[in-house]
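Visitor: I am new to this structure and should be grateful for a close look at a single part of it. Please set that part in its surroundings as well.

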Amino acid sequence: TPALINIFPNVVEVIRRDFEHLQTCLHIADSLLLLAPGEFLQLHGKSLADLFNLVLGNVKDAGTLMLCEVLDTLLTIRPAEGAELLESTGLSYKMISMIFSGEEGSLVQAALISLFARQCAMDPARFMQLLSRAQQFVNSNGAPISPAFIDACVERVDNLMLPSKRSLVGIALINLLVSNDPQHLQKAPDVINVVVDVLHQQRKDEMLPGKAEEGAQTFSDMLPSEGYFLDLTSIEPREEEAETSRKRQLEDSDPLQSVNLGAVVASKLQECATLNGQGIYTEMMNTVDPDILAQLQRFTAS
């Protein structure tokens, strides 16, 4: 592993020349994060950020979605360290700008949103600080961008075909609703609607074991057609099996995947009521469709 880690700067130089071997280079970065995340980030965190910066915003949607898979690995395996690396190198601000620029495809926007949803789910206070600092990089006319981020989540959640990513967005949205900002509270109908939809999907998946694992499993799988990617069938079967095993172990150890979303929603709504007072909270919840509210109450009571 040390020998593999030490060649990584050469991988960055390959990308610096052109994107012909993009998928292979991203696969190497992903593998090193899975094999030895601590050592890799300590020795070559800056080089990894350089790789991300070279690719982000400079390739087609397929390439960006592949990059998002590596970013997702980073933020899953090293949440705090990964978030700090992305912000300290300016990549977080670049990603936020891409969400709001209107120049990215809906799938890329959705993938980027899910990466920030993970950060918000893990540490909502830190994420709100990030959005505050990112405001200067987004053409918001001085207005806070957190309400706009809520809108983006609501608008793009249906583009996420991966149930685990939709769940992250649900957790992030309910976290963002715990606020005394009227602009956040006004988003309650949309937030609750998304959360209930995610809870319905989770319930269906629980009733159909194995069904949730079918279909799209990575961001790249979200693409509607084939032919975007280089052929990686030259990878040895044993190596591919080990890689798949490491990915599965990472998914299984992800604390956000074992969260009881219904319980989280109930707890966060109680926080919102305590923060704002029962009168304002009741007024907020009265803006939610009664049928949706009834479904939410069944989920949070179970």
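Is serine 92 buried or exposed, and what is its relative accessibility?

Guide: The model shown here is a predicted one. Serine 92 has a relative accessibility of 0%, and it therefore counts as buried, the limit for that class being under 20%. Its place is in helix H7, which covers residues 91-101. Leaving aside residues up to four places away in sequence, serine 92 touches Ala83, Leu86, Glu87, Phe116 and Leu130.

One of these contacts, Glu87, leads to a pair of charged interactions. Glutamate 87 is itself buried, with a relative accessible area of 10%. Its side chain meets that of arginine 126 in a salt bridge, at 3.3 Å from N to O. Because glutamate 87 lies in helix H6 and arginine 126 in helix H9, this pair ties together parts that are 39 residues apart in sequence. In general terms, side chains of opposite charge can pair when their charged atoms come close.

Arginine 126 also forms a salt bridge with glutamate 84, where the closest N and O atoms are 3.3 Å apart. Here too the partners belong to separate helices: arginine 126 is in helix H9 (residues 124-134) and glutamate 84 in helix H6 (residues 79-88), so the pair ties together parts that are 42 residues apart in sequence. Arginine 126 is partly exposed, with a relative accessible area of 21%. Glutamate 84 is likewise partly exposed, and its relative accessible area is 43%, whereas glutamate 87 is buried.

Helix H7 holds a further residue of interest, lysine 94. Whereas serine 92 counts as buried, lysine 94 is partly exposed, with a relative accessible area of 26%. Lysine 94 touches Asn53, Leu56 and Asn58, again not counting residues up to four places away in sequence. The C-alpha atom of lysine 94 is separated by 7.9 Å from that of phenylalanine 137, although the two residues are 43 residues apart along the chain.

The wider setting may now be described. The chain has 302 residues, of which 47% count as buried. Its secondary structure comes to 17 helices and 0 strands. Among contacts between residues at least 6 apart in sequence, 76% join residues at least 24 apart. The chain exposes about 14,700 Å², and carbon and sulfur atoms supply 50% of that area.

The structure holds 16 salt bridges, including the two already described for arginine 126. Another joins the side chains of arginine 156 and glutamate 155, at 3.6 Å from N to O. Arginine 156 counts as buried, at 18% relative accessibility, while glutamate 155 counts as exposed, at 52%. Elsewhere, salt bridges that share partners join Asp72, Arg118, Lys165 and Asp254 into one network.

Another buried residue is asparagine 175, with 7% relative accessibility. Asparagine 175 is placed in helix H11. With residues up to four places away in sequence left out, it touches Cys120, Ala121, Pro124 and Lys268. The last of these, Lys268, is among the buried residues of helix H15.

Helix H15 comprises 16 residues, 261-276, which at 1.5 Å a residue should span 22 Å; its end C-alpha atoms are 22 Å apart, in agreement with that value. Its buried residues are Leu261, Gly262, Val264, Val265, Lys268, Leu269, Cys272, Ala273 and Asn276. They pack against helix H11 (163-177), helix H12 (182-185), helix H13 (188-207), helix H16 (278-285) and helix H17 (290-301). At the start of H15, a side-chain oxygen of asparagine 260 reaches to within 3.1 Å of the backbone nitrogen of glycine 262. Just after the helix, glycine 277 takes a positive phi of about 90 degrees.

The surface offers a contrast to buried serine 92. Leu4, Ile7 and Leu35 form a nonpolar patch there, with about 240 Å² of accessible area together. Isoleucine 7, one of the three, is located in the loop between helix H1 (2-6) and helix H2 (8-17). Isoleucine 7 counts as partly exposed, at 38% relative accessibility.

To return to the part in question, serine 92 is a buried residue of helix H7. Among the residues that serine 92 touches is Glu87, whose side chain meets that of arginine 126 in a salt bridge.

How values were computed: Residues are numbered from 1 along each chain as its sequence is written. This is a predicted model: local features need pLDDT of at least 70, side-chain atom pairs count only at pLDDT 80 or more; totals for chains, interfaces and linings use all residues. Side-chain values use heavy atoms; hydrogens and water are left out. Patches are made of residues with over 30% relative accessible area and no salt bridge: like charges are joined within 9 Å, nonpolar side chains (Val, Leu, Ile, Met, Phe, Trp, Tyr) within 5 Å. Accessible areas come from the Shrake-Rupley method with a 1.4 Å probe; for residues, only the protein chains shown count as cover. A salt bridge is a side-chain nitrogen of Lys or Arg within 4 Å of a carboxyl oxygen of Asp or Glu. Helices (H or I, at least four residues) and strands (E, at least two) are DSSP runs, numbered from the N terminus. Buried means under 20% relative accessible area, exposed over 50%, partly exposed in between (1.4 Å probe, protein chains only). The expected span of a helix is 1.5 Å times one less than its number of residues. Contact means heavy atoms within 4.5 Å. A polar contact is a pair of N or O atoms within 3.5 Å; within protein, one must be able to donate a hydrogen and the other to accept it, and residues adjacent in sequence count only if both atoms are side-chain atoms.
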